[in-house]
2 protein chains.
Amino acid sequence: MIIDRLIGRIRETAPIVVGLDPRLEQIPSYIKEGRTAPDAFFEFNKGIIDAVCDIVPAVKPQIAMYEQYGEKGRACYLRTIKYAQQKGLVALGDVKRGDIASTAEAYSAGHLGRLRASGKPPVRADFITVNPYLGLDSVSPYFADMQAHDKGIFVLVKTSNPGSRDIQDLILQNGKPLYEHVGGLVEKWGADFVGAEGYSAVGAVVGATHPEEAARLRKIMPHTFFLVPGYGAQGGSGKDLAGLWDGDKFGMIVNSSRGITGAYLSGEFKRDEKDFASAARDAAVEMKRDLEAFM
Amino acid sequence: MIIDRLIGRIRETAPIVVGLDPRLEQIPSYIKEGRTAPDAFFEFNKGIIDAVCDIVPAVKPQIAMYEQYGEKGRACYLRTIKYAQQKGLVALGDVKRGDIASTAEAYSAGHLGRLRASGKPPVRADFITVNPYLGLDSVSPYFADMQAHDKGIFVLVKTSNPGSRDIQDLILQNGKPLYEHVGGLVEKWGADFVGAEGYSAVGAVVGATHPEEAARLRKIMPHTFFLVPGYGAQGGSGKDLAGLWDGDKFGMIVNSSRGITGAYLSGEFKRDEKDFASAARDAAVEMKRDLEAFM
């Protein structure tokens with residue numbers, strides 16, 4: 001199962017997923033020269049993937065960054081996923097879709113499934129992120145493609161942004177915050193997808209910026225693997241995640257985007273733009289050290 | 001402002017938005033013959049738009065149906081929006097995006113804004129739908145493009161699907177359901193975008209399948225225009241919406257997708273596939289009659 005493969009790859013490398021959220025202003029000028037934005041994004045992503053594919057298990061392209069450049073941007077998103085998979089990486093498509101059943105089926109076909117209409121096998125992420133606000137019938141339509149094509153999802157539970165408090169932190173009648181209730185639902189929804197390592201292919205997004213909340217979620221979601229955004233640029237550190245690890249099953253994978261891909265621009269790993277890839281690799285090695293110090 | 005233009009167009013025609021969610025099995029075979037799926041979708045959409053553009057104010061393509069066909073599907077989504085706008089219709093892009101601020105900015109640029117990189121002016125929907133689970137900082141990034149390009153958003157509050165009860169109906173500590181709290185937030189978030197007709201360009205999605213809940217939301221959201229899915233195929237009727245109208249300001253626009261675009265396939269307006277467009281027109285006229293009977 002894909003979740004077992006992810007955990008196995010983490011064991012061989014590090015519990016780190018590199019977020020590929022390219023912005024023009026972060027791309028070296030020699031890469032941008034003579035290239036369209038989507039082509040420059042792909043060249044940059046390729047450089048990052050080549051530099052880290054032996055030391056991290058996964059990458060996570062954020063589709064918004066590509067989608068804004070229209071059809072060519074979207075093609076770049078898929079090329080990035082394909083290239084990462086060719087290099088042995090697990091590809092997490094950060095699409096955060098959420099819609100009623102008939103629509104979710106179409107999203108599932110487009111992001112996880114295999115469309116009958118197309119000739120050659122389409123490029124598909126290994127996991128996608130999903131928004132739970134519309135409830136179970138907006139999440140369950142992904143299950144058939146997960147089963148048929150060995151895919152997984154990560155459902156938003158407690159996100160890393162400050163605004164996550166507006167709705168996710170609301171206190172319910174039973175005295176518990178909404179995100180805990182959602183966490184309980186996700187644990188239940190994933191029950192049929194638990195793999196050999198004890199974790200489900202239905203995972204949860206839980207931000208590194210809320211260490212105490214994450215620790216409570218860890219307890220009530222014993223079979224749910226966490227995708228953890230918010231490390232680094234957003235403020236979360238290895239220390240914040242100290243209580244969340246689950247031995248050699250890890251229990252989570254921590255995302256860093258700008259902290260790795262933009263490492264050459266400033267700070268400890270600042271260097272010439274030609275060396276963006278080696279800076280990214282060094283930043284990933286340092287992140288692994290920071291995480292392991294608190295495991 | 002776009003919300004005033006929408007209300008003005010409703011006044012001239014009907015409070016109906018036609019959902020353009022094409023599925024291959026609903027497209028007449030003579031249209032599919034010799035065409036790719038996205039090209040068939042566009043021909044079909046064009047036929048529907050031509051048939052209804054003088055009796056409805058707006059269309060709402062659901063991006064999932066296009067996105068599943070890759071870049072060409074996505075191009076068809078944009079062609080549909082462009083054609084609808086050329087025909088004087090307001091285009092609602094049903095994309096239900098929701099993400100942290102930096103990502104929401106990219107979605108805003110891609111769906112409402114104007115990307116500097118592109119040569120000719122890009123095709124953009126007039127409104128898009130947005131998911132509130134990540135809070136205000138996932139919604140406010142759209143405000144700048146709304147202001148700059150006269151666009152609007154509809155934020156999910158209470159959706160029409162059965163699963164909407166799983167999270168949206170949870171009772172908060174103060175005894176009120178979550179969706180009412182979200183409704184209050186949306187009313188507040190939209191305060192700076194209220195137009196001449198008294199409604200904000202920050203609207204709300206409120207399902208026709210929950211008439212009592214919708215009536216309560218109407219009271220606590222006096223400046224929020226509703227986009228109402230769930231009429232027809234999903235079970236909602238004109239009678240269910242009786243208490244929600246706001247005189248010649250209407251206060252809402254009701255969506256019908258399959259009930260109009262698939263009218264030729266069965267029921268009252270069943271006819272030969274060559275006449276799918278006239279069946280759609282007749283179904284829209286009948287829907288207007290049903291809604292007006294309870295206004």
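How many aromatic pairs does a search of the whole structure find over all chains? I looked this up first and found 18 aromatic pairs, where rings of Phe, Tyr and Trp (its six-membered ring) pair if their centres lie within 6.5 Å.

Before going on, I note that this is a predicted model, in which local features need pLDDT of at least 70 and side-chain atom pairs count only at pLDDT 80 or more, while totals for chains, interfaces and linings use all residues. Residues are numbered from 1 along each chain as its sequence is written, chains are lettered from A and ligands numbered from 1 in the order in which they are written, and side-chain values use heavy atoms, with hydrogens and water left out.

**Rings**

In chain A, I found A:Phe41, A:Tyr66, A:Tyr69 and A:Tyr77 linked into a cluster by ring pairs. In chain B, I looked for charges over rings (NZ of Lys or CZ of Arg within 6 Å of the ring centre and within 35 degrees of the ring normal). B:Arg79 lies over the face of B:Phe42, at 3.9 Å from the ring centre, and B:Arg218 lies over the face of B:Phe226, at 4.0 Å from the ring centre.

**Helix 3 and helix 5 of chain A**

I then turned to helices, which are DSSP runs of H or I with at least four residues, numbered from the N terminus. The axes of helix 3 (residues 37–52) and helix 5 (residues 70–86) of chain A come within 9 Å and cross at roughly 15 degrees; axes are lines fitted to C-alpha atoms over the stretch in contact, and angles run from 0 to 180 degrees between N-to-C directions. These two helices of chain A, helix 3 and helix 5, are therefore roughly parallel to each other (angles under 35 degrees count as such, over 145 as roughly antiparallel). Among the residues that meet (heavy atoms within 4.5 Å) are A:Phe41 and A:Phe42 in helix 3 of chain A and A:Cys76 and A:Tyr83 in helix 5 of chain A.

**Helix 5 of chain A and helix 5 of chain B**

Between the chains, I found that the axes of helix 5 of chain A and helix 5 (residues 70–86) of chain B come within 9 Å and cross at roughly 155 degrees. The two helices are therefore roughly antiparallel to each other. A:Glu71, A:Arg74, A:Ala75 and A:Leu78 of helix 5 of chain A make the contact with B:Glu71, B:Arg74, B:Ala75 and B:Leu78 of helix 5 of chain B.

Definitions and conventions: Angles under 35 degrees count as roughly parallel, over 145 as roughly antiparallel, 65 to 115 as roughly perpendicular and the rest as oblique. Rings of Phe, Tyr and Trp (its six-membered ring) pair if their centres lie within 6.5 Å; planes under 30 degrees apart count as stacked, over 60 as edge-to-face and the rest as tilted.
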